[in-house]
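Work through these exercises with the structure open beside you. Try each task before you read its solution.

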Amino acid sequence: MRNRLLVAAAIAVTATATLLAHHSVPGQFDVSKPMTLKGVISKVGWINPHIYVHLDVKDADGTSNTWALATLPTAMMRRAGLTKETLQGKAGEEVTITAVPARDGSRHLGWINKITYADGHSFSPTGQ
């Protein structure tokens, strides 16, 4: 009986650690390297476990790259009163996004700290 309790406790601790690691922004993104991106939101992936905002950014040399920027889950956004359409903004509108890059070096992947729209209103899922 005691062995079963120890095994159950070990499984619970392992499962909890795995869940926490998956949802740790600092675990997946380098919060020490904030960046600012300006571009047009081309697509919003309103999916779970995290929404992705796809931002088309023009580099200094004129080439365009699409960033996949993760944010909160759909349920949390709905509770905050946001929809896919409000997150998308107006078609062709340039936005400024502060974000942090992926820790594993994946190119054009990040986590959103703040989105500022052309009219000045903003949304900050991280409270920053």
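## Exercise 1: The contacts of I97

Task. Find which residues I97 is in contact with, leaving aside its neighbours within four places in sequence.

Solution. Start at I97 and skip the neighbours within four places in sequence; the contacts are then M35, T36, L37, V53, L55, L69, I112, K114 and I115. Keep in mind that this is a predicted model. Next, place I97 in the wider picture. The largest nonpolar core has 27 residues. I97 is among those with the most contacts inside this core, along with L55, L69, M77 and L87. Last, ask which elements give two or more residues to the core. They are β1 (35-45), β2 (52-58), β3 (64-70), β4 (94-101) and β5 (109-116).

## Exercise 2: The order of elements

Task. Count the helices and strands of the protein chain, then write their order from the N terminus on.

Solution. The count gives four helices and six strands. Now read along the chain: the order is α-α-β-β-β-α-α-β-β-β. Then look at the contacts between residues at least 6 apart in sequence. Of these, 53% join residues at least 24 apart. Finish with burial: of the 128 residues in the chain, 34% are buried.

## Exercise 3: The partners of β5

Task. Work out how β5 runs, parallel or antiparallel, against β3, β4 and β6.

Solution. Take β3 to begin with. Three bridges join β3 to β5, and the two run parallel. Here A70 stands opposite W111 of β5. Move on to β4. Six bridges join β4 to β5, and this pair is antiparallel. V100 stands opposite W111 in β5. Now turn to β6 (residues 122-123). It pairs with β5 in the antiparallel sense over two bridges. I115 stands opposite F123 in β6. β5 and β6 form a hairpin, with five residues between them. In its turn, G120 has a positive phi of about 100°.

## Exercise 4: Two backbone exceptions

Task. Decide whether the peptide bond from N48 to P49 is cis or trans, and find the sign of phi at H108.

Solution. Recall the background. Most residues other than glycine have a negative phi, and most peptide bonds are trans. Check the bond from N48 to P49: omega is near 10°, and the bond is cis. P49 sits in the loop between β1 and β2. Now check H108. Its phi is near 60°, a positive value in a residue other than glycine. H108 belongs to the loop between β4 and β5. Is H108 buried or exposed? Its relative accessibility is 19%, and buried means under 20%, so H108 counts as buried.

## Exercise 5: The surroundings of P26

Task. Locate P26, then find how far it is from V100 in sequence and in space.

Solution. P26 is in helix α2 (residues 25-28). P26 and V100 are 74 residues apart in sequence. In space they are 9.4 Å apart, C-alpha to C-alpha. Beyond its neighbours within four places in sequence, P26 is in contact with V31 and R103. With a relative accessible area of 44%, P26 is partly exposed.

## Exercise 6: The largest pocket

Task. Describe the volume of the largest pocket and its lining.

Solution. The volume is about 170 Å³. The lining has 13 residues. Those nearest the centre are Q28, F29, H50, Y52 and A70. Sort the lining by class: eight residues are nonpolar, four polar and one charged.

Methods: Residues are numbered from 1 along each chain as its sequence is written. This is a predicted model: local features need pLDDT of at least 70, side-chain atom pairs count only at pLDDT 80 or more; totals for chains, interfaces and linings use all residues. Side-chain values use heavy atoms; hydrogens and water are left out. A nonpolar core is a set of buried Ala, Val, Leu, Ile, Met, Phe, Trp, Tyr and Cys residues joined through side-chain atoms within 4.5 Å. Buried means under 20% relative accessible area, exposed over 50%, partly exposed in between (1.4 Å probe, protein chains only). Contact means heavy atoms within 4.5 Å. On a 1 Å grid over the protein atoms alone, a cavity is a set of points where a 1.4 Å probe fits but cannot get out, and a pocket is an open set with protein on both sides within 12 Å along at least five of seven lines; lining residues have an atom within 4 Å of a point. Grid points are joined across faces, edges and corners, and a volume is the space filled by probe spheres set on the points. Ala, Val, Leu, Ile, Met, Phe, Trp, Tyr, Cys and Pro count as nonpolar, Asp, Glu, Lys and Arg as charged, and the others, Gly among them, as polar. Two strands pair if DSSP finds at least two bridges between them.
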